[in-house]
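Q: Got a minute to look at a structure with me? I'd like to go through its pockets and its ring contacts.

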Amino acid sequence: MFEPLTKQIKDSKKIVIVTGAGISKESGIPTFRGSNGLWRKYDPMKLATIDAFNQNPVLVWEWYEERRANILTAKPNAGHYAISELEKYKDVTILTQNIDGLHQRAGSKTVLELHGNIIRTKCTVCNFKENLRVSFETLPPKCNCGNILRPDVVWFGEELPHDVWREAVSQAQSCDLMLIVGTSLVVSPANSLPLYAKQNGAKLIEINPEKTPISSEMNLSIRATSVESLPRLVDLVSFC
């Protein structure tokens, strides 16, 4: 199963890895979709939009405080560490839809966070932006300027940060191999990144237990989780 992929990695000059919630699921962080996804339990329009935040910032912050606590106690798993290990042998850039920072905590250096970071907090008015790992005693938390703070994440209806998205597209267009790991590829515009890569001649490798809407575009699909496949794959690459 891994031999074709090992050769692809060995021959590649620049690898881009697109990751989604599936890789963090194995660190105990719930996904949003699927049979046990968060959106089956919660209405995203009441918790993950700017309108919801403006109408009830306390409710939104209570939900995000619960998620922040879960993420702060989570640890990178073998899939995260395998990607970090791969960076020792290859030019690797990670484009992640995850907001948990686990790639960086596993040691990865070049990570573009497409949807922001839940630990990073920003002011709704001034330019304040900082990683805040503490629990807030009063909700919603306030900035020193007196205005409300919010999680620095991309909510439904908001655009991705322009500079991050431009760089992500540039990375996708310049790679010769893209690994798509643990993402359902249903969230726009991140789901277009594999197509940017393929249009410029890159090979697409999917690592996911389930099919995705663009599985037919892949050069190879490995139906396994990142924890099952990535450590073994990197071990093989390290001996090439």
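A: Sure, here is a quick run through one pocket, the aromatic pairs and a histidine.

Q: Before we start, what kind of model is this?
A: This is a predicted model.

Q: OK, pocket first. How much space lies in the second largest pocket?
A: About 200 Å³. The lining has 15 residues, and the closest to the pocket's centre are Gly116, Arg120, Lys129, Asp152 and Pro161.

Q: Which elements give two or more residues to that lining?
A: Strand S4 (116–123), strand S6 (149–153) and helix H8 (162–174) do.

Q: And what does the lining look like by class?
A: Nine residues are charged, five are nonpolar and one is polar.

Q: Switching to rings. How many aromatic pairs are there in the whole structure?
A: A search finds four. One of them is Phe53 with Trp155, a tilted pair with 5.2 Å centre to centre and 40 degrees between the planes.

Q: Where do those two residues lie?
A: Phe53 is in helix H4 (residues 50–55) and Trp155 is in the loop between S6 and H8, so their pairing ties together parts 102 residues apart in sequence.

Q: Are they buried or exposed?
A: Phe53 has 3% relative accessibility, so it counts as buried. Trp155 counts as buried too, because its relative accessibility is 2%.

Q: What about Trp61 and Phe136, why is that pair edge-to-face?
A: Their planes are at 75 degrees, and over 60 counts as edge-to-face. The ring centres are 5.2 Å apart.

Q: Which parts does that pair tie together?
A: Trp61 sits in helix H5 (residues 57–73), while Phe136 is in the loop between strand S5 (129–131) and S6, so the pair joins parts that are 75 residues apart in sequence. Both Trp61 and Phe136 are buried.

Q: Back to Trp155. Which residues do ring pairs link into a cluster with Trp155?
A: Phe53, Trp63 and Tyr64 are linked with Trp155 into a cluster by ring pairs.

Q: What lies over the face of Trp155?
A: Arg150 does, at 3.8 Å from the ring centre.

Q: Last topic: where does His103 lie?
A: In helix H7 (residues 102–105). His103 is at 2% relative accessibility, so it counts as buried.

Q: What is His103 in contact with, leaving aside neighbours within four places in sequence?
A: The list is Thr19, Ile23, His80, Ile83, Ile94, Thr96, Ser108 and Val111.

Note on methods: Residues numbered from 1 in each chain as written. Predicted model: local features only at pLDDT ≥ 70, side-chain atom pairs only at ≥ 80, totals over all residues. Heavy atoms only, no water. 1 Å grid on protein atoms, 1.4 Å probe; cavity = no way out; pocket = protein on both sides within 12 Å on 5 of 7 lines; lining within 4 Å. Points joined across faces, edges and corners; volume = space filled by probe spheres on them. Helix = DSSP H or I, 4+ residues; strand = E, 2+ residues; numbered from the N terminus. Nonpolar A, V, L, I, M, F, W, Y, C, P; charged D, E, K, R; others polar. Phe/Tyr/Trp six-rings, centres within 6.5 Å; stacked < 30°, edge-to-face > 60°. Buried < 20%, exposed > 50% of the residue type's maximum accessible area, 1.4 Å probe, protein only. Lys NZ or Arg CZ within 6 Å of the ring centre and 35° of its normal. Contact = heavy atoms within 4.5 Å.
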